[in-house]
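Dear colleague,

Please find below the structure that I am handing over to you. I would be grateful if you could look through it before reading my notes.

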Amino acid sequence: ADKHIDRWLLRKIRHSRGFRRAYYISLLASLPPSRRIVTKCDRYADDPNPLVRFYALLIRIGSDPSYALRELSRYDHALTDFEVSQILAQLRRGLLPVACEPLLLSTNRNLRIIGIHIAREFGIEEATPLLLDIAASDSDNDIAQEALYAMIAMRTSFAHKNIVTRVRNLVESQRHSLCRRLAMEGYSANALEKLFGKRERGFATGIAATYKRRIVCSSQI
């Protein structure tokens, strides 16, 4: 029966394009992939549609999880939040034996992003020093911001000089976004002011007060 499903999906994939092809190949990626399926889907690794390319990657990873890091590091496209969530779903199902620390230490952007999300998703406190280092010194602002968000979710202290310096060097939109997230997570106005400095004092204290009022109002409903 599985072979019939595989053949049917391969035929649908071959005769479709764009997001319809992506849909069929995603169904194929959810099945236990054989080497034959991987060989058939290799042709879609350079498909114009990004989701087709990504699900072709998932099929390669699923066929031999021991090669997951190699395949992810070879992937030439920056992973989106949705794609990272799909990889994390594979991890939660126990299909990918991937450790957090090697990913965070990698120079590959996609691997670092996945490592950050793993640390955040599973609350891996041992990863905190590496997250602090990424947040403080990574040359990629987006990677640094992801590390900051992971630290927020893990309730990590931001009382580090290098973190304060990095946060204050973010562009205004990034600072304000980070400030809102911290306020949502219950960080105090005093903590926000220490982190963002005088330049953002009014914004930070206003955001903290707004979320405090929302919590009080919600508790009275």
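The notes that follow cover confidence, the cysteines and three residues in helices.

Please bear in mind that this is a predicted model. Its mean pLDDT is 83, and 93% of the residues reach 70 or more. One stretch stands apart from this picture: over residues 215–221 the pLDDT is below 50. In the model, that stretch makes zero contacts beyond near neighbours in sequence. Where pLDDT is low, the predicted coordinates should not be read in detail.

How many disulfides does the model contain? The count is zero. To be counted, a pair of cysteine sulfur atoms would have to lie within 2.5 Å. As for individual cysteines, C41 has a relative accessible area of 1% and is therefore buried, the cut-off being under 20%. C100 has a relative accessibility of 8%, so C100 is buried as well.

I turn next to R60, which is found in helix 4, a helix that spans residues 50–63. Is R60 buried or exposed? With a relative accessibility of 16%, R60 counts as buried. Apart from neighbours within four places in sequence, R60 is in contact with V38, D42, A45 and E71. With E71 there is also a polar contact, in which the two side chains are joined at 3.1 Å.

L132 belongs to helix 9, which runs over residues 128–137. Its relative accessibility is 17%, and L132 is therefore buried. Which residues does L132 touch, once those up to four places away in sequence are set aside? They are M151, S157, H160 and I163. A further spacing may help you to find your way in this region: L132 and T156 are separated by 24 residues in sequence, while their C-alpha atoms are 9.3 Å apart in space.

The last residue on my list is H176, located in helix 12, which covers residues 172–184. H176 has a relative accessible area of 16% and so counts as buried. Leaving out residues up to four places away in sequence, H176 touches E200 and F203.

When you open the model, I suggest that you begin with R60 and its polar contact with E71, then proceed to L132 and its contacts, among them M151 and I163, and finally to H176 with E200 and F203. Residues 215–221, where the pLDDT is below 50, may be left until the end.

With kind regards

Technical notes
Residues are numbered from 1 along each chain as its sequence is written. This is a predicted model: local features need pLDDT of at least 70, side-chain atom pairs count only at pLDDT 80 or more; totals for chains, interfaces and linings use all residues. Side-chain values use heavy atoms; hydrogens and water are left out. Buried means under 20% relative accessible area, exposed over 50%, partly exposed in between (1.4 Å probe, protein chains only). pLDDT is the predictor's confidence in each residue, from 0 to 100. Contact means heavy atoms within 4.5 Å. Helices (H or I, at least four residues) and strands (E, at least two) are DSSP runs, numbered from the N terminus. A polar contact is a pair of N or O atoms within 3.5 Å; within protein, one must be able to donate a hydrogen and the other to accept it, and residues adjacent in sequence count only if both atoms are side-chain atoms.
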